[in-house]
Amino acid sequence: MNIIEELKQRGLYYDCTDEEALTAHLSDDAPVTFYAGFDPTADSLHVGTLLVIMTMVRLQRAGHRPIAVVGGGTGMIGDPSGKSKERQLLDEQTIEHNITGIKAQLSRFLDMEDSRVGAMVVNNYDWLGRLSFIEFLRDVGKHFTVNSMIAKESVRQRLENREQGISYTEFSYMLLQAYDFAHLNAHEGCTLQIGGSDQWGNITAGIDLIRRRGGKPSYGLTIPLLTTSSGHKFGKTEAGTVWLDSRRTSPYQFYQFWIRTEDADVIRFLRMFTFLPMEEIDELASEHESRPEARVAHRKLAEEMTRMVHGQEGLEAAQRATQALFGGSLEGLSAADLLDIFAHVPSGTIASGDLAQGMMLPDLMVKVGFTKSKGEARRLIKGGGLYLNNQRVTSQDAKVTSDDLLDGSVMVLRSGKKRYHLVKVQ
């Protein structure tokens, strides 16, 4: 199977500029140098970029050399593709900070050391920053007509919005990205650009510029823009963007994002995002069809993705946290972990002094709002339905002390299987 067929089988292929020629190009013995761009709007990538990253990894494993272009130059301009309004421009210091974070993340996916196809991470400010305006107009602008630029969908949509419009700055973005491809073609022998399907106009502009300047024959390959079966934008949750940085999205939250994948999407996501053999995915599909309630495919997807992004240690931490949410041991979890796990359950606070001499548990339950009265609290304990830190409470006369605090600052009350209440000590 050639790499184009593999990408199609995995759902990672949307279109390319010349499939027959590109397939032959990628089948040559010599490595093909290709690139994809990443926007440095934050110091972390998010799950929405994983399709491009996975495609880069597959191409590298097929014997080709990746270049990740982090747009320190174009990031100062902003790509209008898919945007309804112009974004706020970033300063150089912020962009440099963001690039450092993105480089570190990409190095976890791409092999940077291979002598033949080792990946490069470059900043396009290194060449765009040296361009003078006159040089840019003379060597790049003369090759494009305003008519063709206006015909680009992202530009046309913004022009139709008379209130918003499009600035000359964003209008020029296409030419800068085209120059990126031409520069890499001339200096790195790069002959392929990949990106989301919304990048088609930018990619073909680069191919056009290379052709007009007499560069090496070049190609474009696009990946589908991903939405869920319910039509929602992939990677967005009620809590916001799902990041690849554990400081922004914890391994537990990351794991839960994949666990909550819609049933209609889980097998598709296993094909697109993981490196599991297709035979194993087909087996998971059969099991998912016969026993969807077991959520075996969902757990496999969450395990593979969390391990890939956060390592085995991150996966195990996420699994411990998940088990805690379903009555498992809370031992070894930090206060930060517990606040993360129980972020969406009701909570109450007590003063640390309240526990100095011990506090009757029914009093605590009323004080933090877990029960309305002490009588209700005692009945719950008597019926065996109350758990403190996921341990069943058997005595109505139980006292709570600072020894019951987890990591010195929190406790967890639970009744039944799913009703939780977090107690924070100040």
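Trainee: Let's start with strand E14 (residues 410-415) and strand E15 (residues 419-425): how many bridges join them?

Mentor: Welcome! This is a predicted model, in which local features need pLDDT of at least 70 and side-chain atom pairs count only at pLDDT 80 or more, while totals for chains, interfaces and linings use all residues. Residues are numbered from 1 along each chain as its sequence is written, and side-chain values use heavy atoms, leaving out hydrogens and water. E14 and E15 run antiparallel, with Val 410 opposite Lys 424 in E15, and the number of bridges joining the two strands is six.

Trainee: Which strands stand at the edges of the open sheet with the order E9-E15-E14-E11-E12?

Mentor: Strands (E, at least two residues) and helices (H or I, at least four) are DSSP runs, numbered from the N terminus, and two strands pair if DSSP finds at least two bridges between them. This open sheet has five strands with mixed pairing. An edge strand here has a single partner strand, so one side of it is left without a neighbour in the sheet; that describes E9 (347-350) and E12 (391-392).

Trainee: Staying with E9, which of its residues point to one face and are buried?

Mentor: Buried means under 20% relative accessible area, exposed over 50%, and partly exposed in between, using a 1.4 Å probe on protein chains only. Side chains alternate along E9, and Ser 347 and Thr 349 point to the other face and are not buried. The buried ones are Gly 348 and Ile 350.

Trainee: What is the bridge partner of Gly 348 in E15?

Mentor: E9 and E15 pair over four bridges, in the parallel sense. Within that pairing, the partner of Gly 348 is Val 423.

Trainee: Is Asp 407 buried or exposed?

Mentor: Asp 407 is found in the loop between strand E13 (399-400) and E14, and its phi is near 55°, a positive value in a residue other than glycine. Its relative accessible area is 52%. By the cut-offs above, Asp 407 is therefore exposed.

Trainee: And Asn 389, buried or exposed?

Mentor: Asn 389 sits in the loop between strand E11 (386-388) and E12, and it also has a positive phi near 55°. Because its relative accessibility is 12%, Asn 389 counts as buried.

Trainee: In the sheet E1-E6-E5-E2-E3-E4, which strands stand at the edges?

Mentor: This is an open sheet of six strands, again with mixed pairing. Each edge strand has a single partner, so one of its sides lacks a neighbour in the sheet; the two are E1 (15-16) and E4 (120-123).

Trainee: Which strands of that sheet does helix H4 (residues 92-106) touch?

Mentor: H4 packs on the sheet, and its direction makes about 170° with that of E4. Axes are lines fitted to C-alpha atoms, for helices over the stretch in contact, and angles run from 0 to 180 degrees between N-to-C directions. Contact means heavy atoms within 4.5 Å, and the strands H4 touches are E2, E3 and E4.

Trainee: How many bridges join E2 (residues 33-38) to E3 (residues 65-70)?

Mentor: These two strands run parallel, and one of the pairs across them is Ala 36 with Ala 68 in E3. The bridges joining E2 to E3 come to six.

Trainee: How many disulfides are there?

Mentor: A disulfide here is a pair of cysteine sulfur atoms within 2.5 Å. Cys 16 is in no disulfide, as the nearest cysteine sulfur, that of Cys 190, is 15 Å away. Cys 16 counts as buried at 7% relative accessibility, as does Cys 190 at 0%. By this rule, the number of disulfides is zero.

Trainee: At roughly what angle do helix H13 (residues 266-273) and helix H14 (residues 278-290) cross?

Mentor: Their axes come within 10 Å. The two helices are roughly antiparallel, where under 35 degrees counts as roughly parallel, over 145 as roughly antiparallel, 65 to 115 as roughly perpendicular and the rest as oblique. The crossing angle is roughly 170°.

Trainee: Last one: how many residues of helix H12 (residues 251-259) are buried?

Mentor: H12 is mostly covered, and its buried residues include Tyr 252, Phe 254 and Trp 258. Of its nine residues, the number buried is eight.
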